[in-house]
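Okay, hi everyone, thanks for making time. I'll put the model up now, and we'll walk through it together.

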Amino acid sequence: MNYNRREFIEALAIGSGGCLVAMTGVNVANAVELPGSDGRFSASNVDGVLSEIGATGAKQSSDIKIKAPDIASNGSMVSVAVTSNLPDTEYIALIADHNPHPLIAEYYYSRKAQPYVSTRIKMAKTSQVRAIVKAGGQFYYASSEVKVTIGGCGG
């Protein structure tokens, strides 16, 4: 079978999760689904991603903080951290506007979890990095421009 990097990592994560579930004896038949199989991760533009995740009417919020460099010397490894101070945050998505597939990651939170994520992302070129947050049933966003000097998605 011929996998690209993202498909390989998704399959590996699902396989590992399945082993853990089998070891614990929990029955979750038909509950495991390939992430992004509904089109979110394959959307090729920001509007498509926002439509897929249901966030087309997201409102800008100063309660979402993005920590990202103004200039990234290498787009293959850009450090990004997002904190949501919105009450009842249940979801955070990271989007890089000019990537071939803009949706980078999705994170789901329980009510007791601190809505924070710190990760490294790949960026094709200079772009807005957006954090989309679902809190209290509403979508909000914040964005930050990151200038990339050497592209990381085949650039």
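So look at Val133: its bridge partner in β9 is Tyr140. That pairing belongs to a bigger set, because nine bridges join strand β8, residues 127–135, to β9, and two strands count as paired once there are at least two bridges between them. These two run antiparallel. Between them sits a hairpin with two residues separating the strands, and there Gly136 takes a positive phi near 60°. Before I go on, keep in mind that this is a predicted model.

Let's stay with β9 for a bit. Who else pairs with it? Strand β1, residues 59–60, is joined to β9, residues 138–148, by two bridges, and this time the strands run parallel. If you want to find the spot on screen, Gln60 stands opposite Tyr141 in β9. Then there's strand β3, residues 71–72, which is also joined to β9 by two bridges and also runs parallel to it. There, Ile71 has Lys147 as its bridge partner in β9.

Okay, zooming out. How many helices and strands does the protein chain have? Two helices and nine strands. Going along the sequence, the pattern is α-α-β-β-β-β-β-β-β-β-β. The protein chain has 155 residues, and 36% of them count as buried. Now take the contacts with a separation of 6 or more: residues 24 or more positions apart account for 62% of those. As for the outside, the protein chain exposes about 9,300 Å², with carbon and sulfur atoms supplying 51% of it.

Next, another sheet. This is an open sheet of three strands, in the order β2-β4-β7, with antiparallel pairing. Which strands stand at the edges? That would be β2 and β7: each has a single partner strand, so one side of each is left without a neighbour in the sheet. On average, neighbouring strands here are turned by 15° against each other, if you ignore direction. Looking at one of the pairings, six bridges join β4 to β7, and those two run antiparallel. Within that, Val80 stands opposite Thr119 in β7. One general thing to remember while you rotate the view: in a regular strand, side chains alternate between the two faces of the sheet.

Val80 brings us to the inside. The largest nonpolar core has 24 residues, and the ones touching the most other members are Ile64, Val80, Val82, Ile121 and Met123. Which elements give two or more residues to this core? They are β2 (64–67), β4 (78–84), β5 (89–96), β6 (103–108), β7 (116–121), β8 and β9. There's also another core lying apart from that one, with 13 residues, among them Phe41, Val49, Ile53 and Leu103.

Now for the aromatic rings. The structure holds two aromatic pairs. In one of them, the rings of Tyr91 and Tyr108 have their centres 5.1 Å apart and their planes at 55°, so this pair is tilted. It links distant parts of the chain, with Tyr91 in strand β5 and Tyr108 in strand β6, 17 residues apart.

Here's one for you: is Tyr91 buried or exposed? Its relative accessible area is 5%, and the cut-off for buried is under 20%, so Tyr91 is buried. And Tyr108? With a relative accessible area of 58%, Tyr108 is exposed, because exposed starts at over 50%.

Tyr91 also forms an edge-to-face aromatic pair with Phe139, at 6.3 Å centre to centre and 85° between the planes. That pair links distant parts of the chain too: Tyr91 is in strand β5 and Phe139 in strand β9, 48 residues apart. Phe139 has 13% relative accessibility, so Phe139 counts as buried. Put the ring pairs together and they link Tyr91, Tyr108 and Phe139 into a cluster.

Last stop, a loop. Asn99 has its place in the loop between β5 and β6. Is Asn99 buried or exposed? At 5% relative accessibility, Asn99 counts as buried. If you look from Asn99 to Gln128, the two are 29 residues apart in sequence, and 10.0 Å apart in space, C-alpha to C-alpha.

Okay, that's the tour. Grab the model and have a go at finding these places yourself.

Key
Residues are numbered from 1 along each chain as its sequence is written. This is a predicted model: local features need pLDDT of at least 70, side-chain atom pairs count only at pLDDT 80 or more; totals for chains, interfaces and linings use all residues. Side-chain values use heavy atoms; hydrogens and water are left out. Helices (H or I, at least four residues) and strands (E, at least two) are DSSP runs, numbered from the N terminus. A nonpolar core is a set of buried Ala, Val, Leu, Ile, Met, Phe, Trp, Tyr and Cys residues joined through side-chain atoms within 4.5 Å. Buried means under 20% relative accessible area, exposed over 50%, partly exposed in between (1.4 Å probe, protein chains only). Contact means heavy atoms within 4.5 Å. Accessible areas come from the Shrake-Rupley method with a 1.4 Å probe; for residues, only the protein chains shown count as cover. Rings of Phe, Tyr and Trp (its six-membered ring) pair if their centres lie within 6.5 Å; planes under 30 degrees apart count as stacked, over 60 as edge-to-face and the rest as tilted. Axes are lines fitted to C-alpha atoms, for helices over the stretch in contact, and angles run from 0 to 180 degrees between N-to-C directions.
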